[in-house]
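Let's take a walk through this one together, from the strands outward to the charged pairs. Have the viewer open and follow along.

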Amino acid sequence: MTWHPKSDFLQVMIQRGYMADCTDLQALDQALMGGVVPAYIGYDATAASLHVGHLLNIMMLRWLQKTGHRPITLMGGGTTKVGDPSFRSEERPLLTPAQIDANIDGMQQVFARYLSYDAGATGALMLNNAEWLDSLNYLDFLRDIGRHFSVNRMLSFESVKSRLDREQSLSFLEFNYMILQAYDFLELNRRYGCLLQMGGSDQWGNIVNGIDLTRRVLDHEIFGLTSPLLTTSDGRKMGKSQGGAVWLNAAMLSPYEFWQFWRNTTDADVGRFLKLYTELPVEECDRLGALAGSEINAAKAILANEVTALLHGADAAAAAEATAREVFEKGGIGEDLPTLALPAAELTEGISLAQLVVRSGLAKSGKDAKRLIAEGGLRVDDAAETDAGRIFTAADLAAPVKLSAGRKRHALVTTG
């Protein structure tokens, strides 16, 4: 007989496809039924914005709050100084404290779109682990916390083992990361009664370490729950596009480009992504995901609208859809297309089409741009163009010029 959870939160996690593993599903279900459960996810400040790869676990925190529990967003002001080595082939570049603080400021803008940071029992908490990690005394920490960790066991975790098996260096600094993350869980439990840590399945070893440490030091029962690491149906890592990372901050990626990323979802992924990234009923997600032919495009527009409205607001989603309709259906320019404004001083000798394609983000390099143009994949103001060396002057760009790579990627170039 298959066991079914009683708590609303775990029902959502299972029905919508958020859950990969849980340390003790039945005990966690009982805790969730017994009162408000504080749960956290940690975010190291390695960039000025979160990206689409983070969106799945942000939605998990949103559902946690919607089902009557307390989400904690933990900023890694302390752990970012070390860098998570999990499944990486090399050490992360070290950031200065000023860079870390600036990145945290950028990341925090996103969470308020998904969570309510109010004073109620289920109001979200925004915390920074620098609060307790920066003031640690090294010798005391080694004596009180380090003694609970077995190096043999730490070496057995897949995230570490895979690095060593490839004979790639793992610094002592990085090796400490899993101890610090475990200590975060201990401190959150001690200070805020946090009972659950969530994260991607690559964090399983770190989460288990925190549970074990808290049991040893405080004799408290706490839990871990992981989500699957998502890839698209064609095998690409979720959150990567042809232009690079899909950022969540509007200053780094426009709402139109964000909307377009979701509109370009592969047919086979539509139903799954509707369950994970929107709040539409599961039955409706299944119905839309089962559509075929031209009808699936309507489902993709619904997906794009729902996800964009959650992050940027309903008005931004409607404007993005209107721009897309103008560009694709009417051949127009569309006011919300990503725009590259070049200073006139840069155009005294003109700029080549290949350079414009790179500068506008439609190609990663001059070589890629030239290949795109040579293969007939680029249009200038909706007319095919095969001369990568065509020169544009300030006069040519006085009125916006639309560049189109294929049918789905567009940008405007002008002079400002």
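Is Arg 62 buried or exposed? This is a predicted model, and in it Arg 62 counts as buried, because its relative accessibility is 16% and the cut-off for buried is under 20%. You'll find Arg 62 in helix H3. Setting aside residues up to four places away in sequence, Arg 62 touches Arg 113, Tyr 114, Leu 115, Glu 279 and Leu 310.

One of those contacts deserves a second look. Arg 62 and Glu 279 form a salt bridge through their side chains, at 2.4 Å from N to O. The two partners come from distant parts of the chain: Arg 62 belongs to helix H3, Glu 279 to the loop between H13 and H14, and 217 residues separate them in sequence. Glu 279 counts as partly exposed, because its relative accessible area is 28%. So here a buried arginine is paired with a partly exposed glutamate.

Now for what surrounds helix H3. Strand S2 (residues 38-44), helix H3 and strand S3 make up a β-α-β unit, and the unit is right-handed. S2 and S3 pair in the parallel sense, over 7 bridges. To line the two strands up by eye, use Gly 42, which stands opposite Leu 74 in S3. S3 itself spans residues 70-76 and is mostly covered, with 6 of its 7 residues buried. S3 also pairs with strand S4 (residues 125-128): these two run parallel and are joined by 4 bridges. Here the handy marker is Met 75, opposite Asn 128 in S4.

Phe 111 is a good residue to click on next. It lies in helix H4, which covers residues 97-114, and it counts as buried because its relative accessibility is 0%. What does Phe 111 contact, leaving aside its neighbours within four places in sequence? Its partners are Tyr 43, Leu 50, Ile 58, Thr 73, Met 75, Tyr 117 and Met 126. Met 75 turns up again here, after its appearance opposite Asn 128. If you'd like a distance to check, the C-alpha atoms of Phe 111 and Trp 247 are 13 Å apart, while the two residues are 136 apart in sequence.

Zooming out, the largest nonpolar core has 64 residues, and Phe 258, Trp 262 and Tyr 277 are the ones with the most contacts inside it. Helix H3 (residues 52-66) gives the most to this core, with 9 residues. There is also a second, separate core of 30 residues, with Leu 125, Leu 127, Phe 157 and Leu 180 among its members.

Trp 262 is worth a closer look. Not counting residues up to four places away in sequence, its contacts are Val 52, Leu 55, Met 238, Phe 273, Tyr 277, Lys 300, Leu 303, Ala 304 and Val 307. Notice the lysine in that list: Lys 300 touches Trp 262 and also makes a salt bridge with Asp 267 through its side chain, at 2.6 Å from N to O. Asp 267 sits in the loop between helix H12 (255-263) and H13, Lys 300 sits in helix H15, and they are 33 residues apart. How do the two ends compare in accessibility? Lys 300 counts as buried because its relative accessibility is 5%, whereas Asp 267 is partly exposed, with a relative accessible area of 41%.

Another charged pair has the acid on the buried side. Arg 272 forms a salt bridge with Asp 269, with 2.8 Å between the closest N and O atoms. Asp 269 counts as buried at 2% relative accessibility, and Arg 272 as partly exposed at 32%. The count comes to 17 salt bridges, and some link up: Glu 131, Glu 187, Arg 190 and Arg 191 are joined in a network.

Last stop, helix H14, residues 282-289. Its buried residues are Val 282, Cys 285 and Leu 288. They lie on the same side of H14, because they cover an arc of only 125 degrees around the axis. And what covers them? Helix H1 (8-15), helix H13 (270-277) and helix H15 (295-312) are included in that cover.

Definitions and conventions. Residues are numbered from 1 along each chain as its sequence is written. This is a predicted model: local features need pLDDT of at least 70, side-chain atom pairs count only at pLDDT 80 or more; totals for chains, interfaces and linings use all residues. Side-chain values use heavy atoms; hydrogens and water are left out. A nonpolar core is a set of buried Ala, Val, Leu, Ile, Met, Phe, Trp, Tyr and Cys residues joined through side-chain atoms within 4.5 Å. Buried means under 20% relative accessible area, exposed over 50%, partly exposed in between (1.4 Å probe, protein chains only). Contact means heavy atoms within 4.5 Å. Two strands pair if DSSP finds at least two bridges between them. A crossover is right-handed if, with the strands pointing away from the viewer, the path from the first strand over the helix to the second runs clockwise. The arc is that of the directions from the helix axis to the C-beta atoms. A salt bridge is a side-chain nitrogen of Lys or Arg within 4 Å of a carboxyl oxygen of Asp or Glu.
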